[in-house]
Amino acid sequence: MGLSGLRVNPEQAPAFMLGGRGVDSTGRFTSSPLELPTASKAHFLQPTRIAATPNGYLVVGLETYADYSLRRTSGNLVTTDLSKASKAIIYESSFSEHAFAADAAWEGKTGYTLFGRRVNDSKTSGYFRKINAAGKPAAAAKKFPPNKAPNTCNYRIIPLTGTGWFATTWYDYSQELMYLQILSSKGTFMGSPVPISENAYRILDDVVDMAWDAASQRILVAYAEYAAAPSTPEDIWVAIFSLE
Amino acid sequence: MKKIFVICWCVISLSAIASAQTLVTRSVVSDQKGKDYAPNIVPTSDGQWAVFWARDKGSENVMIRGRGLQSDGTILTGIRNLIGATLYRQTTFGGASLGKGQIVVGGTRESDRQIVTRVYDSKLIAKANLVATGQTGFNTTFAPCASGVLLAWTDAIGAHIAPLDPFADAKPRLSRRGREATLLYSAP
């Protein structure tokens, strides 16, 4: 999903020339946008996030079989001029029936990717993994979330530009709450997880987005939740957190 | 003495870290009259943000709605209908900052599964016509870059990435010679 929100500061993003690959004189895409290769011709990639790194744009997503039966987390690094995409970078080697949308972010000299999959109805395996500027794994995957809650999903990460830190979120099925926690560049989670929403009504799947306001040192989190349990109209909320 | 200093320093540090993120405010931004989900939040200009989300229309269709707010939570605009086309909900939609107070919002159009985008200012007023990219696809993922916006998506043969000119529009444009109106772009 959407993924989106403030993943790249436009003023800090690598430059490329519009009018180069992918855009014709009318502003439409040409017929040959850059293809993102997967490890096998039998797979294709569902992008979930584009993160800027010093070496280009890292597109992370779920590499899936053509029938969507199995998925795993992978990505491609695209050069800043969009002239070339790397081969598939595999973050988790095993395919799963239920893999969650992957996320990635780069801040300062460090990058991380978050990903995970459902093991069974009461257990998930979530991970965070340090990456290098080429988007490749720079260390072994570590368990995520840091409190090792066994039933989580919808992992998100954004850079807190200028701090060297990252903001991460995850949804805890058992608590029916989304949590926020800060990750340092050294891979250390700081403080305790903070609930994002006030109510323990279920926050909808894959629906949290985050943004960072460097001037006010605030994290904005947009999310959707049921107004009351069960299934009354679903409302959009924004929670604002300060970084102290 | 040194040990006591180190212990005190550690306690103070841990205390500071423990309050690393503190809730400032929390408020509902949708009209609470329907099924709204999948919010996105992107910066429009200094200290101002656009939140936009899907309003369920049934039958796998959604409309995109949004509003502007400040980083202290102050609401800047009423709820606006964005894009102007019904989107296919079984896909992602999104957006990105263009800088200079503008954003682009886009997704897969329900009628023809074509990826469409539109530019808005910080008050969520449209600044360009709807752009149909000429590509059909899903998993639309946006990211800003120095010269515009990047769009990654999936179609029947795999995933792709391309830069998007979000100001291209469907208006008829005169050819340079001006002898006759030439429609340089028309949605398929």
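An open sheet of four strands crosses from one chain to the other in this predicted model, with the order 14(A)-15(A)-16(A)-1(B) and antiparallel pairing. Its edge strands are strand 14 (209-213) of chain A and strand 1 of chain B, each of which pairs on one side only. On average, neighbouring strands of this sheet are turned by 25° against each other, direction ignored. The points below start with this sheet, then move on to the nonpolar core, a second sheet in chain B and a run of paired strands in chain A.

**The sheet shared by chains A and B**

- Strand 15 (residues 218-226) and strand 16 (residues 234-243) of chain A run antiparallel and are joined by nine bridges.
- Within this pairing, Leu220(A) has Ile240(A) in strand 16 of chain A as its bridge partner.
- Ile240(A) also turns up on the chain B side of the story: Thr25(B) is in contact with Ile240(A) and with Gly73(B), leaving aside neighbours within four places in sequence.
- Thr25(B) itself sits in strand 1 (residues 21-28) of chain B, the strand that forms one edge of the sheet.
- Is Thr25(B) buried or exposed? Thr25(B) has 13 other C-beta atoms within 10 Å, so it counts as partly exposed; a residue would need 20 or more to be buried, and 12 or fewer to be exposed.
- Thr25(B) and Asp72(B) are 47 residues apart along the chain, yet their C-alpha atoms are separated by 7.8 Å.

**The largest nonpolar core**

- The largest nonpolar core holds 108 residues.
- Which of its residues touch the most other members? They are Leu220(A), Val221(A) and Val238(A) from chain A, together with Val51(B), Ile64(B), Val149(B) and Leu150(B) from chain B.
- Not counting residues up to four places away in sequence, Val221(A) touches Thr169(A), Leu180(A), Ile196(A), Val208(A), Met210(A), Val238(A), Ala239(A) and Phe241(A).
- As general background, nonpolar side chains tend to be buried together in soluble globular proteins.

**A four-stranded sheet in chain B**

- Chain B has an open sheet of four strands in the order 6-7-8-9, again with antiparallel pairing.
- Strand 6 (94-99) and strand 9 (131-136) of chain B are the edge strands, each pairing on one side only.
- From one strand to the next, the twist averages 25°.
- Five bridges link strand 6 of chain B to strand 7 (residues 102-108) of chain B in the antiparallel sense, and Gly94(B) stands opposite Gly106(B) in strand 7.

**Paired strands in chain A**

- Strand 7 (residues 110-120) and strand 8 (residues 123-131) of chain A run antiparallel, joined by nine bridges.
- How many residues lie between strand 7 and strand 8 of chain A? The two strands form a hairpin with two residues between them.
- Across this hairpin, Arg118(A) stands opposite Thr124(A) in strand 8 of chain A.
- Strand 8 of chain A also pairs with strand 9 (residues 142-144) of chain A, in the antiparallel sense and over three bridges; here Gly126(A) stands opposite Phe144(A).

**Asp103(A) and its surroundings**

- Asp103(A) belongs to strand 6 (residues 103-107) of chain A.
- With 27 other C-beta atoms within 10 Å, Asp103(A) is buried, because the cut-off for a buried residue is 20 or more.
- Its contacts, not counting residues up to four places away in sequence, are Thr48(A), Arg49(A), Val60(A), Thr113(A), Leu114(A), Tyr155(A), Arg156(A) and Ile157(A).
- Asp103(A) and Asn154(A) are 51 residues apart in sequence and 9.3 Å apart in space, C-alpha to C-alpha.

Technical notes: Residues are numbered from 1 along each chain as its sequence is written. Chains are lettered from A and ligands numbered from 1 in the order in which they are written. This is a predicted model: local features need pLDDT of at least 70, side-chain atom pairs count only at pLDDT 80 or more; totals for chains, interfaces and linings use all residues. Two residues are in contact if their C-beta atoms, placed from the backbone, lie within 7 Å. A nonpolar core is a set of buried Ala, Val, Leu, Ile, Met, Phe, Trp, Tyr and Cys residues joined through C-beta atoms within 7 Å. Two strands pair if DSSP finds at least two bridges between them. Axes are lines fitted to C-alpha atoms, for helices over the stretch in contact, and angles run from 0 to 180 degrees between N-to-C directions.
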